[in-house]
Amino acid sequence: MVGTPDAARPTSACVQAEECARAKQTLTLLSSEIGASKSQIDMSAVNEQVWRVILFVVQNNRDILDYRHIDQIVLAAIYGVCKIHATDVTFKDLVSAYKKLPNASSDTWLKVPLAKPGQVGNIISFYNDVFVPRCKDYLHGMKDGSSITLAPLRGSEAAPGSVSGRAVAQQQQQQQGAGPLVPNATLTGSPNGFRAVKRPRVPSDSKGGAGGADAGAE
């Protein structure tokens, strides 16, 4: 069920594939919802970098997943990528979109284990307390155009892009789960951000960065 935290995870390729399949479905659905309300943002570009961050956690920082749901990582990753590029997506936007997903549970954004054992907070607290300290260097490497090579999972499939999120979810349900997703991948920064070419950039006084998130998840 969405929002139910899992225990400490083993590191088998099968488990990683299942986590990535779930993350891909959630990311694609969220991208569809956000893109519908914020058409000025190129969500396919957002997805490409968010997917790399998710893999960075799944492959290299698996303890972040301990006792947490993969959807919580997806939410934090989307916010982090958008923040470093000064793209107008807030946690309030993300939570509003997440609420529309099938079987969405408020525990996903309201009850997230934090750094200290037994401490629980909302998704913003998790982002500030856990996600940023562990992932900020990786995120800033994306902003600066650094190249980062990820270890492979068995099999290959591209990051979620412009395909309808709901169509992908239906296809995955029919197949009763997707296989492993991503091969070796090289990550480069996005110097132009995620704004669609034909739409004006929304003014922002933020210089971009993976720093702390503002309040807004309800």
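The expected span of a helix is 1.5 Å times one less than its number of residues. Helices (H or I, at least four residues) and strands (E, at least two) are DSSP runs, numbered from the N terminus. The model is predicted: local features need pLDDT of at least 70, side-chain atom pairs count only at pLDDT 80 or more, and totals for chains, interfaces and linings use all residues. Residues are numbered from 1 along each chain as its sequence is written, and side-chain values use heavy atoms, with hydrogens and water left out.

The protein chain holds seven helices and four strands. Their order along the sequence is α-α-α-α-α-β-β-α-β-α-β. Of its 218 residues, 49% are buried (under 20% relative accessible area, 1.4 Å probe, protein chains only).

The 18 residues of α2 should span 26 Å, and its end C-alpha atoms lie 25 Å apart, which agrees. Because 14 of these 18 residues are buried, α2 is largely enclosed by the rest of the structure.

The largest nonpolar core (buried Ala, Val, Leu, Ile, Met, Phe, Trp, Tyr and Cys residues joined through side-chain atoms within 4.5 Å) has 53 residues. Ile 54, Phe 126, Tyr 127 and Phe 131 touch the most other members. Helices α1 (13-37), α2 (43-60), α3 (70-84), α4 (91-98) and α6 (123-143) each supply at least two residues of this core. Beyond its neighbours within four places in sequence, Phe 126 is in contact (heavy atoms within 4.5 Å) with residues including Ile 64, Ile 73, Val 112 and Phe 131.

How values were computed. Buried means under 20% relative accessible area, exposed over 50%, partly exposed in between (1.4 Å probe, protein chains only).
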